[in-house]
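Colleague: Could you pick one part of this model, go through it closely, and then work outward from there? I'd like the actual residues, please, not just an overview.

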Amino acid sequence: MTSITFYGGVNEVGGNKVLVKDEDAKVFLDFGTSFTKKRNFYQEPLMKPKMFKELFKFNLLPEIEGLYFFSTSQPEIDGVFISHGHRDHSGYISFLKREIPVFCGETTKEILEGVFETQPRSYENNISGLKFKTFRTGDKIKIGSLTIEPVHCDHSIPGAYGFIIYTSSGSIVYTGDFRMHGKKPELTQDFVEKAEKAEPVALITEATNLTSGKVMSEKELKEKLKKSVKKTKELVLVNFALTDTDRLNSFYNVAEETGRKLVVTTKQAYLLKKLEKDKRLNLPKLRELTVFSREKKRVYRWEKEIIEQTETIDSASLAKKQNKYITILPFYSFQELLTIKPEPGSVFIHSSSEPFNEEQEVEYEKLENWLIAFGLPQYHLHVSGHIMPLELREVIERIKPKKVFPIHTEHPELFKKFMKDLKGEIEIVEHGKEYTLDKI
Ligand SMILES: [Zn+2]
Ligand SMILES: [Zn+2]
């Protein structure tokens with residue numbers, strides 16, 4: 001018997017944790033943090049979970065024996081497969097029992113290490129001792145009666161994969177997060193082609209963009225960005241996801257074309273250093289960038305390393321050369337504005353998704369208050385990391401699954417109505433319910 005149980009990504013964007021059980025194998029597809037759910041119960045840093053087990057109570061973690069490092073029983077799960085490095089798909093691997101192998105792409109491993117290492121120490125950021133096993137497109141990983149085939153796809157983070165899982169009841173296709181309108185649509189095409197050939201009994205698909213998708217390509221974004229930067233006489237401040245390397249390239253190119261230099265955060269620089277060896281990503285070199293050095297009481301070792309190796313600038317110097325740079329300034333660094341003192345005519349470009357964020361919680365109201373206080377108008381320029389509704393319809397029409405499980409969406413009912421005429425039954429997923437495939 002084969003079954004699928006959803007422990008996250010149900011009526012919410014992100015937090016995917018999908019358990020696939022087959023005759024003699026159990027694997028998880030993704031093991032992400034549910035930011036929305038977490039926000040419903042906690043307010044960090046003042047109020048955070050005291051005991052790990054309380055996370056079971058709020059369905060933040062599935063209550064499964066032997067799955068976590070704090071559990072004394074033997075692991076019953078054979079492996080966790082991570083589709084990509086966004087925390088809403090990978091954030092809770094920190095809780096896993098260290099014997100359980102974590103399968104992911106090589107780039108994802110670098111990103112996870114880079115991102116987790118630069119976070120403050122906490123129960124959620126400790127991935128030391130995890131057993132990573134890396135895969136690439138073309139691999140077929142056999143785990144008992146299951147065979148898992150990862151296939152690359154395009155998303156707003158490099159190294160994203162979808163999975164085709166061959167089970168004793170037929171194949172399951174899991175999209176992870178994917179899109180058609182990004183910089184490398186050919187990757188997603190490869191995935192869809194392989195998924196079609198697998199003639200799946202079930203398709204587990206993301207359906208994020210049902211109410212607010214913006215149709216724009218990265219190339220269009222870059223042109224719009226360039227126009228805005230050209231018109232700006234003074235400071236250009238920007239904010240985008242740490243791991244969105246397509247966006248980093250766009251900002252880097254616009255900076256070059258407008259005679260400015262791009263100022264990145266120490267975290268970005270550290271991640272770039274980790275990803276440097278992957279030439280396919282075509283990322284700017286560290287020496288071509290300037291690194292922002294914040295005033296901090298405590299400088300971590302990794303930060304020191306980066307600052308020593310790169311050209312840096314601090315707020316006081318930036319204040320004197322406002323028109324020479326495009327500066328990435330995440331919300332947590334906004335106090336630097338007190339020293340930078342933006343000149344009239346400066347702008348802030350917000351270039352990540354709203355209202356949710358796949359990497360962290362951002363309080364937009366506070367961000368806006370700061371911008372208002374400093375006289376900085378906000379531009380919102382973004383390309384979604386997620387497939388658009390009409391393209392998703394085409395994908396489903398092509399793959400022809402017998403059953404579709406929409407997840408990673410707040411609107412599964414809308415999805416069902418929109419896709420109703422397609423072949424294949426659409427299941428509105430319930431948290432923790434076991435769906436058997438034999439009955440399909
Ligand atoms: Zn996601
Ligand atoms: Zn994602």
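Modeller: Sure. When I talk about axes here, I mean lines fitted to C-alpha atoms, for helices over the stretch in contact, with angles running from 0 to 180 degrees between N-to-C directions. Keep in mind that this is a predicted model.

Let's take the helix pair α13 and α14. Helix α13 covers residues 389-399 and helix α14 covers residues 412-419; their axes come within 11 Å and cross at roughly 60°. That crossing makes α13 oblique to α14. As for the hand, α13 and α14 cross in a right-handed way. On the α13 side the contact uses Pro389, Leu390, Leu392, Arg393 and Ile396, and α14 answers with Phe415, Phe418 and Met419. Sort those by class and you get seven nonpolar residues, no polar ones and one charged.

How do other helix pairs look next to that? Try helix α6 (residues 218-231) with helix α7 (residues 245-257): here the axes come within 10 Å and the crossing is roughly 40°. The pair α6 and α7 is therefore oblique too, and α6 passes α7 with a right-handed crossing. From α6 the contact takes Glu218, Leu221, Lys222, Leu225, Lys226 and Val229, while α7 brings Asp246, Arg247, Ser250, Phe251, Asn253, Val254 and Glu257. The class count for α6 with α7 is five nonpolar, two polar and six charged residues.

Then there's helix α8 (residues 266-275) against helix α9 (residues 301-309), packed at an angle of about 80° with axes 10 Å apart. So α8 and α9 sit roughly perpendicular to each other. Thr266, Lys267, Ala269, Tyr270 and Lys273 of α8 meet Trp302, Glu303, Glu305, Ile306, Ile307 and Gln309 of α9. That contact splits into five nonpolar, two polar and four charged residues.

Now for the metals. The zinc ion (ligand 1) has Asp88 (OD), His89 (NE2), Asp177 (OD) and His408 (NE2) as its protein donors, 2.1 to 2.3 Å away. Along the chain those donors follow the spacing D-H-x87-D-x230-H. The angles subtended by the four donor atoms around ligand 1 run from 84 to 162°, which makes the arrangement irregular.

The zinc ion (ligand 2) is held by His84 (NE2), His86 (ND1), His155 (NE2) and Asp177 (OD), at 2.1 to 2.3 Å. In sequence, the donors of ligand 2 are spaced H-x1-H-x68-H-x21-D. The angles at ligand 2 span 92 to 167°, so this arrangement counts as irregular as well. What links the two ions? Aspartate 177 coordinates both, and the zinc ions are 3.3 Å apart.

One last stop is arginine 98, which you'll find in the loop between α3 (87-90) and β5 (101-105). Leaving out residues up to four places away in sequence, arginine 98 touches Phe69, Ile93, Asn126, Ile127, Ser128, Gly129, Leu130 and Lys131. Tyrosine 68 is 30 residues from arginine 98 along the chain, with 8.1 Å between their C-alpha atoms.

How values were computed. Residues numbered from 1 in each chain as written. Chains lettered and ligands numbered in written order. Predicted model: local features only at pLDDT ≥ 70, side-chain atom pairs only at ≥ 80, totals over all residues. Heavy atoms only, no water. Helix = DSSP H or I, 4+ residues; strand = E, 2+ residues; numbered from the N terminus. Parallel < 35°, antiparallel > 145°, perpendicular 65-115°, else oblique. Left-handed = near helix turned anticlockwise from the far one by under 90°. Contact = heavy atoms within 4.5 Å. Nonpolar A, V, L, I, M, F, W, Y, C, P; charged D, E, K, R; others polar. Donors = N, O, S within 2.8 Å, 3.2 Å for Na, K, Ca; no water. Tetrahedral: all angles 85-135°; square planar, octahedral: opposite > 155°, others 65-115°.
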